[in-house]
Amino acid sequence: MATQGRSYNDAIDALNSLQTPFAVIEARRKAGIRPDANSVREMRGYLARIGYSSQDLDRLNIIHVAGTKGKGSTCAFVDSILSRYHQTRGTPKSVGLFTSPHLIAVRERIRIDSRPISEDLFARYFFEVWDRLETSQDAADLVEVGTKPIYARYLTLMSYHVFLSEGVDAAVYETGIGGEYDATNVVDRPIASGISTLGIDHVFVLGDTVDKIAWHKAGIMKPGSPAFTIEQVCSAAEVLKGRAIEKGVDLKVLDIDPRLKNVKIHPDAAFQKKNATLAVALAETALKKLDPSFSPDPGSLPKEFVEGLEQVVWRGRCEVKEEGNVTWHVDGAHTVDSLKMAARWFVGEVAEKKGPRVLIFNQQGRTEAIDFLDGLCNTVKKGDSSGRGFEHVIFCTNVTYAETGYKRDFVNHQHNPRDIEKMTAQRAFAERWSTLDPAANITVIHSIEEAINKARSLSESLEDGQKVQALITGSLHLVGGALGILEKADAL
């Protein structure tokens with residue numbers, strides 16, 4: 001079929017059809033089926049089928065970033081720095097950014113010059129890839145003719161087509177899960193690779209120890225390409241070092257860059273300065289190739305770097321929004337460590353403020369998520385001079401609206417629909433929290449919209465000088481849905 005007449009909504013509906021159903025995911029999990037080297041071979045096959053080779057990707061000058069915590073922020077910093085450099089020096093000609101997941105609209109995952117591609121552009125390129133996959137017979141030895149990659153892999157494939165078609169000459173790629181077998185790992189010659197802080201996450205796919213996870217993340221390092229990381233726990237550091245030696249890669253371990261001393265990094269915390277340090281090293285490496293006149297100054301950062309770091313926009317992370325008598329603190333966090341960081345950030349923000357503390361939380365489809373709550377609860381309690389923690393705790397699903405359900409871009413077939421309908425995870429979260437803090441008022445509610453309205457309703461009985469201090473954290477799907485409701489926005 002021709003691409004004419006196909007809308008953005010049609011593209012999102014078609015994309016949603018590529019999601020792996022919950023029943024299939026469960027069957028694979030029980031059978032112990034995980035991504036492996038075949039996953040990358042298949043991606044190479046799909047890449048060939050839409051008319052490209054891995055050598056074509058060299059034109060994108062890819063900066064490849066993996067990690068457990070901070071990889072998205074690192075990518076956003078690099079993108080912001082390169083975009084500022086482009087504005088003042090004309091190099092790169094155009095900057096691409098590929099990240100996941102999206103917050104409000106799928107098209108946020110594919111950005112050019114720091115802006116999500118338009119709905120029209122998304123639909124055009126989506127269906128160009130779709131049609132090529134349906135008609136091409138290429139790479140039949142690697143992947144079955146007529147098939148398409150699953151949801152996230154399709155978007156990765158599409159991003160290459162978008163960036164190559166639009167003349168992007170520097171692209172920042174965030175891995176999805178892991179690195180070694182990730183869909184983004186078809187790039188053979190990145191101009192630089194970076195690995196942010198490592199921790200425990202996606203244990204079924206990557207393993208249940210940080211050294212196993214480090215092995216996967218290290219897969220993005222490539223011979224002939226500079227690689228960087230920051231301080232890691234000893235076991236992870238040893239694995240990264242060993243894999244770098246195996247691959248013949250020069251891996252540099254970075255301390256916090258002293259040139260950041262007078263740069264206003266938000267939030268002003270060590271973890272974010274580590275992300276900024278990694279981003280600076282990656283951007284400098286990229287510019288040394290892209291701009292022959294560029295030479296890093298060991299004593300200070302160029303104006304474009306400072307502005308890029310200070311003015312970066314990375315929504316849903318350590319974000320504060322004022323709305324009448326409610327102050328919303330929004331921070332996506334999906335690991336034990338990142339939730340503790342979110343809790344410490346929240347405590348710092350509300351330390352001198354009066355009013356009830358409210359938590360809105362969800363993490364869908366991950367059995368280990370219930371163990372995230374202990375650190376979140378205890379960190380807030382310890383940081384509160386009264387020791388009271390959250391007075392109100394609301395657990396909701398990721399369903400967007402009370403009446404109409406999911407926004408089209410949020411449809412997710414990968415979770416058990418019965419569990420969502422019965423709010424199984426949310427009830428388990430509530431039971432755990434009641435043991436952690438028996439004094440808390442706990443509510444289990446179906447939709448994000450209802451959770452937000454519940455928090456808003458608490459502002460009706462405030463004393464003078466008080467505001468509701470609400471923390472929305474956990475799943476980025478929750479965070480994105482909440483921001484979409486709060487801002488009535490189509491994309492961020």
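This passage walks through the strands, helices and unusual backbone spots of a predicted model.

A good place to start is the eight-stranded sheet. Its 8 strands line up in the order β4-β3-β2-β5-β1-β6-β7-β8, and the sheet is open, with mixed pairing. At the edges sit β4 (115-116) and β8 (251-254), each of which pairs on one side only. Further in, strand β2 (residues 95-98) runs parallel to strand β5 (residues 170-174), and 4 bridges join the two. To find this pairing on screen, look for Val95, which stands opposite Ala170 in β5. As a general point for reading any such sheet, side chains in a regular strand alternate between the two faces.

The backbone on either side of β2 has some oddities. Most peptide bonds are trans, and most residues other than glycine have a negative phi. Against that background, the bond joining Thr91 and Pro92 is cis, with omega at about -10°. Pro92 belongs to the loop between α4 (71-89) and β2. A cis bond also turns up from Ser100 to Pro101, where omega is near -10°. Pro101 lies in the loop that runs between β2 and β3 (110-112). So much for the cis bonds; what about phi?

Two residues other than glycine stand out here. Asn61 has a positive phi, near 45°, and is found in the loop between α3 (37-49) and β1 (62-66). Asn61 counts as buried because its relative accessibility is 8%, and the cut-off for buried is under 20%. Cys318 likewise has a positive phi, near 45°. The loop holding Cys318 is the one between α11 (303-310) and β9 (319-323). With a relative accessibility of 6%, Cys318 also counts as buried.

Next come strands β11, β12 and β13. Strand β12 (residues 392-399) is mostly covered, with 8 of its 8 residues buried. Strand β12 pairs with strand β11 (residues 357-362) in the parallel sense, over 4 bridges. Within that pairing, Ile360 stands opposite Ile394 in β12. Helix α13 (residues 372-383) joins the picture too: β11, α13 and β12 make a right-handed β-α-β unit. Strand β12 also pairs with strand β13 (residues 441-447), again in the parallel sense, here over 6 bridges. For a landmark in this second pairing, take Val393, whose bridge partner in β13 is Ile442. Put together, β12 has parallel pairings with both β11 and β13.

The helices offer a couple of things to check by eye. Helix α10 (residues 270-290) has 21 residues, so at 1.5 Å a residue it should span 30 Å; the C-alpha atoms at its ends are 30 Å apart, which agrees. Helix α10 is mostly covered, as 15 of its 21 residues are buried. When picking out which side chains of a helix share a direction, it helps that an α-helix has 3.6 residues a turn, so residues three or four places apart point the same way.

Helix packing is the last topic. Two packed helices are described by the angle between their axes and the distance between the axes. Helix α1 (residues 8-16) and helix α5 (residues 119-135) have axes that come within 8 Å and cross at roughly 45°. That angle makes α1 oblique to α5. As for handedness, the crossing of α1 and α5 is left-handed.

Methods: Residues are numbered from 1 along each chain as its sequence is written. This is a predicted model: local features need pLDDT of at least 70, side-chain atom pairs count only at pLDDT 80 or more; totals for chains, interfaces and linings use all residues. Side-chain values use heavy atoms; hydrogens and water are left out. Buried means under 20% relative accessible area, exposed over 50%, partly exposed in between (1.4 Å probe, protein chains only). Two strands pair if DSSP finds at least two bridges between them. A crossover is right-handed if, with the strands pointing away from the viewer, the path from the first strand over the helix to the second runs clockwise. The expected span of a helix is 1.5 Å times one less than its number of residues. Axes are lines fitted to C-alpha atoms, for helices over the stretch in contact, and angles run from 0 to 180 degrees between N-to-C directions. Angles under 35 degrees count as roughly parallel, over 145 as roughly antiparallel, 65 to 115 as roughly perpendicular and the rest as oblique. A crossing is left-handed if the near helix is turned anticlockwise from the far one by less than a right angle, and right-handed if clockwise.
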